[in-house]
Amino acid sequence: MDALRGFALMGILLVNALMMAGPYGLGGVTDPGASAFDRTVEGVVQTFAVGKFYLMFSFLFGYSFTLQLASAERAGTSAVPRLLRRSLGLLVLGVLHAVLLYTGDILTTYAVLGLILIAARNCTPGAALRAARILYGCLSALLLLVGAGTLLMSDAETAEADAELAEGLPELIAGYRGDASSVVRTNIGELPDQFLAALLLSGFVMAAFLIGLHCGKRRLLADTGHHLVQMRRILLVGAAVGLPGSLFAALTVSGLLGPRWSTFSQMVGVVAAPGLTAAYICGMLLLMRTARGARIAAVFAPAGRMALTNYLSQSLIMALVFTGYGLALYDRLSPAVVVLGALLLYAGQLVLSTWLTARYRYAPVEWLLRTITLARPPHDRERSTATR
């Protein structure tokens, strides 16, 4: 699980870096000055990263929820107070993260939707899986219907809508290049739009929670050797469904489709993303059963063990680079440079995580959240589950 979490952390960083680097990140608004290479880089990230890795985190959150329940049972205490305190800790961290660093925070969503997990803690594995399927099916149908409706707009109407969005970009750019108070005000001003985006995606996050809950209750990751055939099938089917949909979404980002297709292609990408996420998870699990895969897992695992600290520190470093907190390079770097910088940052985190986890049981934010969860500082003998 730590290796999967570390792998997801890399994908999250690539997406967040492009979103924090400027107002045109990943095709939200068309950048008139983007080169073909810039659009290609964004298209690659859209295809293989956008919408996939936050769902992987969500799946692992649901799976780890069952470990939290088991931990409380072993300790002979009620799980609910622990889990409620943990949700409160995530909520506070998420709000601070969104206001001070990055409005695209996911911790607040986890904190709120985690309450549903707490309410559903005694459901059967089959019930969790059925609920996830129903939720995914209904939301997918709704999004595709809404997306298809936008195709009825004319090119002129779409261009007018894009122009209205672009009118506010100079003020946004100036806000993020200003002083620290300007950055905070700009973040707060962006929160309503981010809330709507989170609301749109929360159903898919909840579905991933429930699938993780299903797998956790059946302990499927504890003994993958008995599920090799199923994992290979999921890998193939997930890639066959998820990759074409993600490529279609990337066509708009890369500029190969007209703006009229933007909303519909993005909806298709959202609906198709879980397939590629499932393929990634099963592919990684199968890979880690090999000697080479075990070595790869050993590289990712330390970063995953302190994923919360790494996630927040990524936002802090990128805020120092892109906003008025530091270098104020917002809208001044090409997507290729941003992606390269993100990969270098992640490489540094892998090295630092290996060093820290070899010396300390808990990273700083994991220790804080664990303390909130237990209502006391954790003992050294306790297994680190702060990010789970």
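# A tour of the helices

Select helices H12 and H14. Their axes come within 8 Å and cross at roughly 80°. That angle makes H12 roughly perpendicular to H14, because angles of 65 to 115 degrees count that way. This is a predicted model, so keep that in mind at every stop.

Now show the side chains where these two helices touch. On H12, pick Val 299, Phe 300, Pro 302, Ala 303 and Arg 305. On H14, pick Tyr 346, Leu 350, Ser 353, Thr 354 and Thr 357. Colour them by type. The contact of H12 with H14 has six nonpolar residues, three polar ones and one charged one.

**Stop two: Ala 303**

Stay on H12, which covers residues 291–305, and centre on Ala 303. Is Ala 303 buried or exposed? Ala 303 is buried, with a relative accessibility of 0%. The cut-off for buried is under 20%.

Which residues surround Ala 303, leaving aside neighbours within four places in sequence? Select Gly 6, Leu 9, Asn 310, Tyr 346, Leu 350 and Ser 353; Ala 303 is in contact with each of them. Tyr 346, Leu 350 and Ser 353 also appeared on the H14 side of the helix contact.

Next, draw a distance line from Ala 303 to Thr 323. Their C-alpha atoms are separated by 25 Å, and the two residues are 20 apart along the chain.

**Stop three: Asn 16**

Go to helix H1, residues 2–21, and pick out Asn 16. Asn 16 is buried, at 9% relative accessible area. Show Tyr 102, Tyr 311 and Met 318. Asn 16 touches these three, not counting residues up to four places away in sequence. Leave Tyr 102 and Tyr 311 on screen for the next stop.

**Stop four: His 97**

Select His 97 in helix H4, which spans residues 79–100. His 97 is buried too, with a relative accessible area of 3%. Beyond its neighbours within four places in sequence, His 97 contacts Tyr 102, Asp 105, Tyr 311, Leu 312 and Ser 315. Tyr 102 and Tyr 311 are the residues you left on screen, and they touch Asn 16 as well.

Zoom in on Asp 105. What joins the side chains of His 97 and Asp 105? A polar contact of 2.8 Å does.

Zoom out and find Ala 163. Its C-alpha atom is 30 Å from that of His 97, and their positions lie 66 residues apart along the chain.

**Stop five: H10 and its two partners**

Select helix H2, residues 36–48, and helix H10, residues 228–253. A general point helps here. Two packed helices are described by the angle between their axes and the distance between the axes. For H2 and H10, the angle is about 150° and the axes are 8 Å apart. H2 and H10 are therefore roughly antiparallel to each other, since angles over 145 degrees count as such. Their crossing is right-handed.

Show the contact residues. From H2 come Arg 39, Glu 42, Gly 43, Gln 46, Thr 47 and Phe 48. They meet Leu 243, Ser 246, Leu 247, Ala 249, Ala 250 and Val 253 in H10. In this contact, six residues are nonpolar, four are polar and two are charged.

Keep H10 and add helix H11, residues 262–287. The axes of H10 and H11 come within 6 Å and cross at roughly 150°. H10 and H11 are therefore roughly antiparallel to each other. The crossing of H10 and H11 is left-handed. The residues in this contact divide into 19 nonpolar, eleven polar and one charged.

**Stop six: Leu 67**

Select Leu 67 in helix H3, residues 53–74. Leu 67 is buried, with a relative accessible area of 16%. Draw a line to Leu 14. The C-alpha atoms of Leu 67 and Leu 14 are separated by 29 Å, with the residues 53 apart along the chain.

**Last stop: two positive phi angles**

Most residues other than glycine have a negative phi. Here are two with a positive value.

Select Asp 331, in the loop between helix H13 (307–322) and helix H14 (335–359). The phi of Asp 331 is near 65°. Asp 331 is partly exposed, with a relative accessible area of 29%.

Finish at Ala 375, in the segment after helix H15 (364–374). What is the phi of Ala 375 near? The value is near 65°, again positive in a residue other than glycine. Ala 375 is exposed, with a relative accessible area of 56%.

How values were computed. Residues are numbered from 1 along each chain as its sequence is written. This is a predicted model: local features need pLDDT of at least 70, side-chain atom pairs count only at pLDDT 80 or more; totals for chains, interfaces and linings use all residues. Side-chain values use heavy atoms; hydrogens and water are left out. Axes are lines fitted to C-alpha atoms, for helices over the stretch in contact, and angles run from 0 to 180 degrees between N-to-C directions. Helices (H or I, at least four residues) and strands (E, at least two) are DSSP runs, numbered from the N terminus. Angles under 35 degrees count as roughly parallel, over 145 as roughly antiparallel, 65 to 115 as roughly perpendicular and the rest as oblique. A crossing is left-handed if the near helix is turned anticlockwise from the far one by less than a right angle, and right-handed if clockwise. Contact means heavy atoms within 4.5 Å. Ala, Val, Leu, Ile, Met, Phe, Trp, Tyr, Cys and Pro count as nonpolar, Asp, Glu, Lys and Arg as charged, and the others, Gly among them, as polar. Buried means under 20% relative accessible area, exposed over 50%, partly exposed in between (1.4 Å probe, protein chains only). A polar contact is a pair of N or O atoms within 3.5 Å; within protein, one must be able to donate a hydrogen and the other to accept it, and residues adjacent in sequence count only if both atoms are side-chain atoms.
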